Amino acid sequence: MTQAIEPQETDGQESRAPLLEIRNLQIQYDDSSLIGGDPPVRAVDGVSLDIRRGETLGLVGESGCGKTTFSRALVGLESATSGEILVDGTDLTELEGPALREWQRRVGMVFQDPQESLNDRMTVGEIISEPLDAHDWQDQEEREDRVFELLDRVGLQEEHFYRYPHQFSGGQRQRVGIARALALEPEFLILDEPVSALDVSVQARVINLLEELQADLGLTLLFVAHDLSLVRHVADRVAVMYLGNLLEVGRTDRLFDAPANPYTRSLLSAIPGSASPAPDELGEITLRGTPPNPRYPPSGCPFATRCPAKIPPEKYPDLSAEEFDAIETFRAILRERARSSSGVSASLKRRLGIGTSVRTVDEIATELFAGLDLPPEANEVIEDARTSARSDPAAALELLRTEFASVCDRDPPAEYVVDDTGRTSRCLRHREEYDDPDEI
Ligand code: SF4
């Protein structure tokens with residue numbers, strides 16, 4: 001249920017018309033025929049989002065969370081399993097042939113690694129001209145003029161036309177990539193980690209160039225990145241993605257100053273050093289384990305297996321935060337063990353020397369629960385799980401899952417409006433009956 005709080009404070013961003021309206025977009029990869037009936041990978045799992053004309057939207061999240069798949073879908077390079085991507089009332093997911101090519105002409109893409117994304121056997125002139133050739137843009141002479149204009153536009157020289165990518169620095173190569181993306185005068189640029197392969201000083205120059213281009217050409221930018229400090233600098237709004245879901249979307253200043261979702265808080269707190277944009281009082285949150293396999297996402301909240309603010313189990317309402325945290329850490333360790341041991345036999349592991357120095361589950365459990373005074377019933381379950389984990393970690397996991405089930409394991413969180421600018425967050429803690437994430 002979405003709370004009905006009318007947006008009041010605006011900075012002009014809220015009133016901009018959307019260029020793209022994405023509605024419940026799902027992208028799944030079903031390769032079950034290859035691996036014997038496994039469920040599909042849910043790369044993008046029901047994303048709804050507007051991208052407003054002229055804004056820079058930052059899309060952040062850990063590697064593998066679905067950012068790139070989502071971005072590629074916006075330009076027709078990934079097929080949607082369901083949902084809509086509307087532009088001026090037309091659903092892009094339905095387009096093909098000339099209509100899709102016409103939309104692709106309106107979008108430019110800049111990729112992460114300029115070294116990888118430029119063909120080293122083509123001259124810079126040929127590279128920038130490629131999209132013009134592909135779309136049969138004007139005649140040969142006009143294409144050449146356009147390439148020279150673009151070189152100038154991105155701060156390169158005429159003589160660079162005949163050079164090859166390997167003769168350029170990383171920053172210059174990324175300028176070539178930007179020139180290529182701008183060739184067909186797009187209105188929308190998708191920048192997929194555009195500066196993460198560059199030195200910091202070069203990053204700043206490329207970012208300045210992008211900002212200039214946006215102001216001069218009125219571009220809409222989708223800036224995909226894992227570097228939150230960078231996103232804070234460039235984006236008007238930020239969308240935070242986890243396991244193919246958007247967990248928080250809102251104005252950059254609000255989201256960085258007072259992150260509403262536990263996942264956003266965890267990401268911000270992980271930014272090292274004094275440059276961290278996280279509020280001081282946030283402290284450092286260490287995320288347990290790794291993100292779940294998108295083929296088997298949690299059935300409740302996607303972040304439930306790692307969330308530091310997870311709501312305690314209904315069956316044990318008196319567990320302290322420390323006790324619940326130890327149980328959740330124990331579950332995460334069993335999950336990781338089950339995942340890393342699958343497919344490799346014990347004898348092969350011994351021969352390869354894998355895991356020989358790793359502590360047993362028993363030793364870990366002893367350390368985790370030392371000094372804690374668990375309620376007797378909970379303690380009994382932990383002891384059973386320890387015993388069962390020696391021979392059957394999956395059974396131990398199942399026991400812990402059923403005994404210590406939280407509402408977060410069961411209910412997918414709805415989208416809640418969390419401030420007067422219309423920022424949204426998906427977390428059950430926004431329900432009235434629970435403490436807000438920032439009170440944990
Ligand atoms: S719903 Fe629960 S698990 Fe998900 S972010 Fe909120 S507190 Fe954490």
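In this predicted model, strands S4 and S5 form a hairpin with 2 residues between them. Strand S4 covers residues 82-87 and strand S5 covers residues 90-91; the two pair in the antiparallel sense over 2 bridges. Within this pairing, Val87 stands opposite Thr90 in S5. Strand S4 also pairs with strand S1 (residues 18-29), again in the antiparallel sense, over 4 bridges. In that pairing Arg23 stands opposite Glu84 in S4.

The turn of the hairpin holds Asp88, whose phi is positive at about 50°. Most residues other than glycine have a negative phi. Asp88 is not a glycine, and neither is Gln138, which has a positive phi of about 45°. Gln138 lies in the loop between helix H5 (124-134) and helix H6 (140-153). Gly371, just after helix H14, likewise takes a positive phi, of about 80°. The two non-glycine cases are set out below.

| Residue | Phi | Place | Relative accessible area |
|---|---|---|---|
| Asp88 | about 50° | loop between S4 and S5 | 53%, exposed |
| Gln138 | about 45° | loop between H5 and H6 | 45%, partly exposed |

Asp88 counts as exposed because its relative accessibility of 53% is over the 50% cut-off. Gln138, at 45%, is therefore partly exposed, as this value falls between the limits of 20% and 50%.

Turning to the chain as a whole, the model has 17 helices and 12 strands. Of its 440 residues, 48% count as buried. Among contacts with a separation of 6 or more, 69% are made by residues 24 or more positions apart.

In soluble globular proteins, nonpolar side chains tend to be buried together. Here the largest nonpolar core has 61 residues. Those with the most contacts inside this core are Ile128, Ile178, Leu182, Leu189, Phe223 and Val238. Helix H8 (residues 200-217) supplies the largest share of the core, 6 residues. Another core, of 30 residues, lies apart from the largest one and includes Val44, Leu49, Phe70 and Trp103.

Which residues does Leu182 touch, leaving aside its neighbours within four places in sequence? Leu182 is in contact with Arg146, Leu150, Val154, Leu189, Leu213, Leu217 and Leu219.

Val202 is found in helix H8. With a relative accessible area of 17%, Val202 is under the 20% cut-off and therefore counts as buried. The C-alpha atoms of Val202 and Gly171 are separated by 5.8 Å, although the two residues are 31 residues apart along the chain.

Helix H14 (residues 361-369) has Val361, Ile364, Ala365 and Phe369 as its buried residues. Seen down the axis of H14, these residues fall within an arc of 110°, so they line one face of the helix.

The largest pocket holds about 690 Å³ of space. It is lined by 25 residues, of which Pro292, Tyr296, Thr305, Arg335 and Leu397 are the closest to its centre. Helix H12 (321-341) and helix H16 (393-403) are the elements that give two or more residues to the lining of this pocket. Helix H12 gives the most, with 6 residues.

Conventions. Residues are numbered from 1 along each chain as its sequence is written. This is a predicted model: local features need pLDDT of at least 70, side-chain atom pairs count only at pLDDT 80 or more; totals for chains, interfaces and linings use all residues. Side-chain values use heavy atoms; hydrogens and water are left out. A nonpolar core is a set of buried Ala, Val, Leu, Ile, Met, Phe, Trp, Tyr and Cys residues joined through side-chain atoms within 4.5 Å. Buried means under 20% relative accessible area, exposed over 50%, partly exposed in between (1.4 Å probe, protein chains only). Contact means heavy atoms within 4.5 Å. Two strands pair if DSSP finds at least two bridges between them. The arc is that of the directions from the helix axis to the C-beta atoms. On a 1 Å grid over the protein atoms alone, a cavity is a set of points where a 1.4 Å probe fits but cannot get out, and a pocket is an open set with protein on both sides within 12 Å along at least five of seven lines; lining residues have an atom within 4 Å of a point. Grid points are joined across faces, edges and corners, and a volume is the space filled by probe spheres set on the points.
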